[in-house]
Amino acid sequence: MSTKRYEETLAKIKENNSYRILRNTVKSGKNINFEGKNYLNFSSNDYLGISSDIELWNNFLQNNILNDTSFTGSNCSSRLLTGNSEHYLVLENYLTEIYKSETALVFNSGYHVNIGILPALTTKNDLIIDDKLVHASIIDGVRLSEAKKIRYKHNDLDQLEEILKTERHLHENVFIVTESVFSMDGDLADINKLVEIKKKYDTFLYIDEAHAIGTYGKKGLGLAEELGLISEIDFIVGTFGKAVASQGAFVICSSLFKNYLINKMRSIIFTTALPPFSLIWTHFILQRITNMSKQRAHLMKLSEYFRSKISSIGFETNGSSNIVPLIVGENAKCIKLADYLQENGIFILPVRPPTVPDGTARLRFSLTSQMEYSEIDKIIDLLKKY
Ligand SMILES: Cc1ncc(COP(=O)(O)O)c(C=O)c1O
């Protein structure tokens with residue numbers, strides 16, 4: 001037994017400026033306190049500013065938790081044993097109602113969803129084709145599957161079609177997998193075209209809307225809602241840990257697939273159910289998110305303003321959502337720029353490979369609806385001076 005390999009690997013990670021640490025932080029609205037200093041927080045996925053809304057929180061506790069004599073702190077078992085409390089039914093029924101779908105299935109996290117669905121549904125006779133920039137959780141799920149795997153260049157749907165032309169007839173089932181809003185680039189998949197392709201080549205379409213839930217669509221149900229395409233997509237995945245300010249995740253799918261996943265998906269079968277508290281809070285928040293169009297509109301306008309200002313002062317950016325990347329390139333340069341902004345009260349962290357492709361280290365500004373134009377102008381001034 002030797003620990004040499006681990007020590008050497010950590011030393012190499014440090015040498016590459018890729019060493020990661022866990023930070024102890026205290027959050028308050030759009031601000032964050034770290035090591036005694038206050039910052040404006042541009043590194044949170046709390047897109048609608050819900051997570052530290054004290055009034056909402058008190059309202060929730062008073063009306064939903066404190067007077068509930070049957071309340072328990074945990075579900076203490078897998079959903080398939082005794083963990084499936086009534087709160088799951090309430091939440092899944094609500095999701096089914098707002099998505100006008102056949103059904104919905106709730107999971108412990110987006111990671112559980114993405115590592116579980118594809119391996120459960122595919123065999124070696126199938127093919128998974130995924131966008132090259134999908135989230136690590138999807139990559140892990142694809143790896144766990146027995147299916148053949150091919151990746152297409154980011155958002156290159158011509159290449160996707162080329163792959164389908166040569167491969168479709170060789171496989172029983174084909175799954176096209178993408179995110180709708182890409183987590184590190186903030187750009188969007190062309191869902192209209194993907195639906196067209198899915199129909200033309202008779203495939204399943206799996207879309208991870210983790211970063212679009214709460215921010216896109218009239219009711220905040222995601223980009224598929226905004227485009228009127230919910231019913232055309234076989235698997236819509238959403239998470240509760242970002243704009244919904246809770247924990248857990250869900251898939252919108254057919255009853256057949258729901259039943260199949262309950263029977264075959266390891267990451268729902270072999271894990272303890274979510275606690276009632278999370279399920280009740282998620283339901284409570286979802287009911288409010290459907291009415292937050294004003295916040296969504298402000299968030300999108302502010303993000304567009306920020307993106308155009310970044311470009312106008314000569315920095316590289318991308319996308320069209322409230323995730324605004326500033327692409328730096330080298331790790332060391334990216335760290336230096338992040339340090340400079342942190343010294344000036346902006347909480348922003350460098351995002352480096354392997355989270356993003358080599359040579360594309362970046363600052364990922366994540367805007368929330370509580371932010372104001374003056375705060376964006378402050379960052380632009382700092383960048384100009386840099
Ligand atoms: C696109 C995407 N899918 C899935 C996840 C995982 O979701 P969760 O944090 O609920 O595990 C994330 C982020 O964490 C994500 O960005």
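User: How many residues of the shell around the ligand are nonpolar, how many polar and how many charged?

Analyst: The shell residues divide into three nonpolar, nine polar and two charged. Ala, Val, Leu, Ile, Met, Phe, Trp, Tyr, Cys and Pro count as nonpolar, Asp, Glu, Lys and Arg as charged, and the others, Gly among them, as polar. The model is a predicted one, where local features need pLDDT of at least 70 and side-chain atom pairs count only at pLDDT 80 or more, while totals for chains, interfaces and linings use all residues. Residue numbers start from 1 along each chain as its sequence is written.

User: What makes a residue part of that shell, and which are the closest?

Analyst: The C-beta atom, placed from the backbone, has to lie within 6 Å of the molecule. 14 residues surround the ligand, and the closest are Ser 109, Gly 110, Tyr 111, His 135 and Ala 210.

User: Which helix gives the largest share of the shell?

Analyst: That is helix H5, residues 110-121, with three residues. Helices here are DSSP runs of H or I with at least four residues, strands are runs of E with at least two, and both are numbered from the N terminus.

User: Why are H5 and H6 called roughly parallel?

Analyst: H5 packs against helix H6 (residues 136-144) at an angle of about 25°, and the two axes are 7 Å apart. The axes are lines fitted to C-alpha atoms, for helices over the stretch in contact, and angles between N-to-C directions run from 0 to 180 degrees. Angles under 35 degrees count as roughly parallel, over 145 as roughly antiparallel, 65 to 115 as roughly perpendicular and the rest as oblique. H5 and H6 are therefore roughly parallel to each other.

User: Which hand does the crossing of H5 and H6 have, and which residues meet there?

Analyst: The crossing is right-handed, the near helix being turned clockwise from the far one by less than a right angle (anticlockwise would be left-handed). Among the residues that meet are Tyr 111, Asn 114 and Ile 115 in H5 and Ile 138, Asp 140 and Val 142 in H6; contact asks for C-beta atoms, placed from the backbone, within 7 Å. The residues of this contact divide into eight nonpolar, five polar and one charged.

User: What makes H13 roughly parallel to H15?

Analyst: The axes of helix H13 (residues 293-312) and helix H15 (residues 373-385) come within 10 Å and cross at roughly 15°. That angle makes H13 roughly parallel to H15. The crossing of H13 and H15 is right-handed. Leu 302, Tyr 305, Phe 306 and Lys 309 in H13 meet Tyr 373, Ile 376 and Ile 380 in H15, and these residues divide into six nonpolar, no polar and one charged.

User: How do you know how H4 is oriented relative to H12?

Analyst: Again from the angle: the axes of helix H4 (residues 86-99) and helix H12 (residues 276-289) come within 9 Å and cross at roughly 25°. This makes H4 roughly parallel to H12. The crossing of H4 past H12 is left-handed. The contact includes Tyr 88, Leu 91 and Tyr 94 in H4 and Leu 279, Ile 280 and Leu 286 in H12. Its residues divide into eight nonpolar, three polar and no charged.

User: Which strands are at the edges of the sheet S11-S12-S15-S14?

Analyst: This open sheet has four strands in that order, with antiparallel pairing. Strand S11 (316-317) and S14 are its edges: each has a single partner strand, so one side of each is left without a neighbour in the sheet. Strands pair if DSSP finds at least two bridges between them, and two bridges join S11 to strand S12 (residues 323-329). Thr 317 has Leu 326 in S12 as its bridge partner.

User: Which helices lie on this sheet?

Analyst: H13 lies across S11, S12 and S15, at about 20° to S12. Helix H14 (residues 331-343) touches S12, S14 and S15, and its direction makes about 35° with that of S15.

User: What is notable about the backbone at Pro 354 and Cys 76?

Analyst: Most residues other than glycine have a negative phi, and most peptide bonds are trans. A cis peptide bond, with omega about 10°, joins Pro 353 and Pro 354. Pro 354 is in the loop between strand S14 (350-351) and strand S15 (361-366). Cys 76 has a positive phi, near 50°, and is found in the loop between helix H2 (54-65) and helix H3 (79-83).

Note on methods. Contact = placed C-beta atoms within 7 Å.
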